[in-house]
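Dear colleague,

I am passing on the structure we spoke about, with the sequence alongside. Please look it over first; my notes follow below.

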Amino acid sequence: MAPLKSAVWIPLFDELADARVVAELAASAEEAGWDGLFVWDHVRWERPVRALADPWIALTAAAMRTETLRIGPMVTPLARRRPAIVARQTATLDVLSGGRLTLGVGIGSDRFGAEFSRFGDEVDDRKRAELTDESLTILQAAWSGEPVRHRTDNYVVDDVEFLPKPAQDAGVPIWIAGFPGKVRPRRRAARYDGFFPVNLVHPDQLAEAVEGVQEFRADRTAPYDVVVALPPGSDPRPFAAEGATWCLTEFDQNNLRRAEVAAVVADGPFS
């Protein structure tokens, strides 16, 4: 079993809604031995949250303060973003960081902040899933460096070359987030580099999620990441035994204190 990797996973809310704070946390995380730092990607959240930061600018600040830490949005709802813009952002950030970007992707939800309906974006889950799949196809084509030709009712990319390519030869790794009991997220995750089953409470649920993805993978022996999120102080070993390769330490988004997050980060992983 490969060693379990560790990451800090922070909402960019209120006291953490400042790219300079995220950069400080990233530098501290690298010094303390964490393997990664991932950030939420939202434009609105329900009360009591009021302030939010942009994930791409925060990740850029983190990249400039670190050398080994893997970084990325966890997760980006591609259905509310133009894929051509995301292609440019991801390639630019991957080059800047020296090939340390991982792209977390999900279909998003209107439940916690009405962040689709309040801006006139797509609220239907099935349609957002369709947009997500199509965006992922465009992104992987763009990262190849070859001209992209794509034309549907949703998106048009008319013979455009996206350079520079990402620093990582195979492109930016993609982790798909979704509820483990649903088939469509498992099918989607099986086509990419990792699966982040959300809202797990027991290792047995992870075992079921891993098997659910594996049945759709073309090559079960190829490297593949399985991601879990646990509160600070949790024992990740039972989840590692069921196939987890990454453990994200998560924080209460409605009671977020910079000092408390900084203390957890400084203590190091799995302490």
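What covers the buried residues of H4? Please keep in mind, before the reply to that, that this is a predicted model. The cover of the buried residues of H4 includes helix H3 (83-97) and H5, together with strand E5 (103-106), strand E6 (148-151), strand E7 (156-160) and strand E8 (174-178). The residues of H4 that are buried are Arg128, Ala129, Leu131, Thr132, Asp133, Glu134, Ser135, Leu136, Ile138, Leu139, Ala142 and Trp143. As for its length, helix H4 takes in the 19 residues 125-143, which at 1.5 Å a residue should span 27 Å, and this agrees with the 27 Å between its end C-alpha atoms.

Helix H6 (residues 203-214) can be treated in a similar way: its 12 residues should span 16 Å at 1.5 Å a residue, and the end C-alpha atoms are 17 Å apart, which agrees. Buried in H6 are Pro203, Leu206, Ala209, Val210, Gly212, Val213 and Gln214, and what covers them includes helix H5 (183-190), strand E9 (194-197), strand E10 (225-230) and helix H7 (237-241).

One residue to look at beside H6 is glutamate 242, which is placed in the loop between H7 and strand E11 (246-249). Leaving aside residues up to four places away in sequence, glutamate 242 touches Pro203, Leu206, Ala207 and Val210; of these, Pro203, Leu206 and Val210 are among the buried residues of H6. Glutamate 242 itself counts as partly exposed, because its relative accessibility is 32%, and partly exposed lies between the limits of 20% and 50%. Its C-alpha atom is separated by 23 Å from that of leucine 103, which is 139 residues away along the chain.

Turning to the chain as a whole, the protein has 8 helices and 11 strands. The radius of gyration is 18 Å, close to the 18 Å given by the globule rule for 271 residues, so the chain is as compact as a globular protein of that length. Along the principal axes, the C-alpha atoms fill a box of roughly 50 × 40 × 35 Å, and 51% of the 271 residues count as buried. Among contacts between residues at least 6 apart in sequence, 68% join residues at least 24 apart.

On the surface and the charges, the accessible surface comes to about 12900 Å², of which 49% belongs to carbon and sulfur atoms, while the mean positions of the 31 positive and 40 negative charges are 4 Å apart.

With best regards

Definitions and conventions. Residues are numbered from 1 along each chain as its sequence is written. This is a predicted model: local features need pLDDT of at least 70, side-chain atom pairs count only at pLDDT 80 or more; totals for chains, interfaces and linings use all residues. Side-chain values use heavy atoms; hydrogens and water are left out. Helices (H or I, at least four residues) and strands (E, at least two) are DSSP runs, numbered from the N terminus. The radius of gyration is taken over C-alpha atoms; the globule rule is 2.2 Å times the number of residues to the power 0.38. Buried means under 20% relative accessible area, exposed over 50%, partly exposed in between (1.4 Å probe, protein chains only). Contact means heavy atoms within 4.5 Å. Accessible areas come from the Shrake-Rupley method with a 1.4 Å probe; for residues, only the protein chains shown count as cover. Lys and Arg count as positive and Asp and Glu as negative; His and the chain ends are not counted. The place of a charge is taken as NZ of Lys, CZ of Arg, CG of Asp or CD of Glu. The expected span of a helix is 1.5 Å times one less than its number of residues.
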